[in-house]
Amino acid sequence: HGKGMEKIDVYVGEATFSDLGPTVSLDIYFAYLFGGMIHKLSCRIRPYEVNRGETDRVLKQCSEMVYASIISGADREETAHRIVSMFGAIQRVEGSRPKVAIFGDLYTRDNEVMNQDLIRTIEAAGGEAVVMSYSEYMRMIASPYLKRWFGEGKYLDVVTTETLLAIVNRIDRTYYTIFEPLLGMPYLEFDRGTDDVLKPYNMTQYHTGESLDNVLKTTYLSSYHENLALFVQASPAFCCPSLVSEAMAKDIERVTGVPVVSITYDGTGTFRNDVIIPYIAFPRKRESAGAKASEA
């Protein structure tokens, strides 16, 4: 291909970036934390904004501010308070739209080019998108992986990850109290027994990968959002884990009481997101998740 692509190196280190040093690792964590909170605030506020485009303007300003604060080493708590102040100043009307949670392939669900601006489609159809920050996602999947590593005898990985997780949890809680009033929901606790979550799907803690992550995510999001109207699975074409998750759609609906629509983006440019519009325009009354789970 050329055009500079041949000069790109591929990072093959740890997911925590710890091999690049503690300072770099911490800066990257804060980039994920603040980026995730800004993304969640945008999805929470934009559907109800009075002046169209104001949320996007604040989103851009806050993103640039976070970048500058990480580069300069500015006070992180002060940055968090400034973000909340800027988003809180956006004029908005009171309301409650059907909530639509996005799960699936890590890249596809979070890239608006790949998923054809899925969040904007949800909002244009009258819904509110529910997303999970990457720092929350990492906390969510930690427990089953730690159990599996322990069973496999990877004790050093377990000790290292548990130490990092304890630090992350403490930092997350501190900063979430700043964002919580605007987000309007409590700190996400991923404390349910993994075996209990996986049992209705005939899965165990030794399963791994995207399908396991999807089961955990749909379970926790459905328990934290009572008015969830729809799950949207965003997948790239020819992705085996996505096909496995898509085959589990009926089980996810049976357990959570929330319908699932799977969208596959094949790169042809054909618009795919319109399949979710009827589910938002005519949201189905959610059945009791507890009843569904007991039937499982």
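Glutamate 246 is partly exposed, with a relative accessible area of 34%, where buried means under 20% relative accessible area, exposed over 50% and partly exposed in between, for a 1.4 Å probe and protein chains only. The model is a predicted one, in which local features need pLDDT of at least 70 and side-chain atom pairs count only at pLDDT 80 or more, while totals for chains, interfaces and linings use all residues. Residues are numbered from 1 along each chain as its sequence is written, and side-chain values use heavy atoms, with hydrogens and water left out.

Glutamate 246 belongs to helix α10 (residues 240–247), helices being DSSP runs of H or I with at least four residues, numbered from the N terminus. Apart from neighbours within four places in sequence, glutamate 246 is in contact with Gln233, Ser262 and Thr264, contact meaning heavy atoms within 4.5 Å. Between glutamate 246 and aspartate 191 there are 26 Å in space, C-alpha to C-alpha, and the two are 55 residues apart in sequence.

Helix α2 can be described in more detail. Its 19 residues (residues 54–72) should span 27 Å at 1.5 Å a residue, and the end C-alpha atoms are 27 Å apart, which agrees; the expected span is 1.5 Å times one less than the number of residues. The buried residues of α2 are Glu54, Thr55, Val58, Cys62, Met65, Val66, Ser69 and Ile70. Seen down the axis of α2, these buried residues fall within an arc of 130°, so they line one face of the helix, the arc being that of the directions from the helix axis to the C-beta atoms. An α-helix has 3.6 residues a turn, so residues three or four places apart point the same way. On the face turned away from the buried side, α2 carries the exposed residues Lys60, Tyr67 and Ile71.

The cover over the buried residues of α2 includes α1 (22–45) and α3 (76–88). The axes of α1 and α2 come within 10 Å and cross at roughly 170°, where axes are lines fitted to C-alpha atoms, for helices over the stretch in contact, and angles run from 0 to 180 degrees between N-to-C directions. The two helices α1 and α2 are therefore roughly antiparallel to each other, a term for angles over 145 degrees. Residues of α1 that include Phe30, Phe34 and Ile38 meet residues of α2 that include Leu59, Cys62 and Val66.

Serine 135, in helix α6 (residues 134–151), counts as buried at 5% relative accessibility. The side chain of serine 135 makes a polar contact with the side chain of serine 133 (3.2 Å); such a contact is a pair of N or O atoms within 3.5 Å, and within protein one must be able to donate a hydrogen and the other to accept it, while residues adjacent in sequence count only if both atoms are side-chain atoms. Leaving aside neighbours within four places in sequence, serine 135 is in contact with Tyr29, Leu33 and Asp172.

Most residues other than glycine have a negative phi, and most peptide bonds are trans. The table lists residues with a positive phi.

| Residue | Phi | Place |
|---|---|---|
| Lysine 3 | about 55° | segment before α1 |
| Glycine 73 | about 75° | just after α2 |
| Aspartate 117 | near 55° | loop between α4 (106–110) and α5 (118–124) |

Lysine 3 is exposed, with a relative accessible area of 76%, whereas aspartate 117 counts as partly exposed at 31% relative accessibility.

Definitions and conventions: Parallel < 35°, antiparallel > 145°, perpendicular 65-115°, else oblique.
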